[in-house]
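Reader: I've got a protein model to look at for class. Could you walk me through it?

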Amino acid sequence: MTIRGLRTAVTVTAAVVLAAGASAGIAAAAGPAGSGASAGACAPGTLKVSTTTAGSGQAGMNHEGTYLRVTNTGTGTCAISGYPGLALEAAGHSAIKTTVHRGDTYFAKDPGAHRVTLKPGKSAYADLVWSHAGPSVKAKYLQVSPTGCSAHGILPFAKDVDGGSLSVTAWSATPPSAS
């Protein structure tokens, strides 16, 4: 997996990927150790991004979605907050103009940006949703930056996405739901 800065040709404001079971590691320096509320921010090198259905299919009324999952693969407790950064790529990894809407999605309420403490092996989740009813772009990959910085993973994402528009919730300790 290659680490690159999020492409400037793409509008980046939110979260991560698709295809159940797909995953990508985020390479960088190891993160700080700590415990509980005093845990430092998770360093990109300690986070692994993947998608998961988390027991719930998200499809209906020309909308489709998945849960993004970020897992602490480090040896110390760390914290994450806010929204993931997202960008679509076409075949050959060329940039696709991407617009990300942060907040409620078609399938889930946004928990709002808040601190989520991750012990080693624990995960945080965000809901990622797109529609495919109108003029769409043909994405092949999704760039995901768990912390919104330029370090990111690239996940397979062979989806038609209306206007390159994605919706995402903030990270949460449990998969966001409609209630």
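Reader: How many salt bridges does the structure hold?

Author: Let's start with the rule: a salt bridge is a side-chain nitrogen of Lys or Arg within 4 Å of a carboxyl oxygen of Asp or Glu. This is a predicted model, so local features need pLDDT of at least 70, side-chain atom pairs count only at pLDDT 80 or more, and totals for chains, interfaces and linings use all residues. Residues are numbered from 1 along each chain as its sequence is written, and side-chain values use heavy atoms, with hydrogens and water left out. On that basis, the number of salt bridges is three.

Reader: Which residue meets Lys159 in a salt bridge?

Author: The N to O distance for this pair is 2.7 Å. Lys159 sits in strand β12 and its partner in strand β4 (residues 63–72), 95 residues apart; strands here are DSSP runs (E, at least two residues), numbered from the N terminus. The partner is Glu64.

Reader: And what about Lys138: is it buried, partly exposed or exposed?

Author: Lys138 in strand β11 has a salt bridge with Asp160 at 3.1 Å, N to O. Asp160 lies in strand β12, so the pair ties together parts that are 22 residues apart in sequence. For the labels, buried means under 20% relative accessible area, exposed over 50%, and partly exposed in between (1.4 Å probe, protein chains only). Asp160 has 32% and is partly exposed, while Lys138, with 57%, is exposed.

Reader: Which strands stand at the edges of the open sheet?

Author: Two strands count as paired if DSSP finds at least two bridges between them. Four strands make up this open sheet, in the order β7-β6-β11-β12, with antiparallel pairing. Two of them have a single partner strand each, so one side of each is left without a neighbour in the sheet: β7 (95–96) and β12 (153–162).

Reader: Which residue in β11 does Leu86 stand opposite?

Author: Strand β6 (residues 85–89) and strand β11 (residues 136–145) pair in the antiparallel sense over five bridges. Across from Leu86, in β11, you'll find Val144.

Reader: Which strand gives the most to the largest nonpolar core?

Author: A nonpolar core is a set of buried Ala, Val, Leu, Ile, Met, Phe, Trp, Tyr and Cys residues joined through side-chain atoms within 4.5 Å. The largest one has 29 residues, and those touching the most other members include Leu86 and Leu128. With four residues, the strand that gives the most is β10 (residues 123–131).
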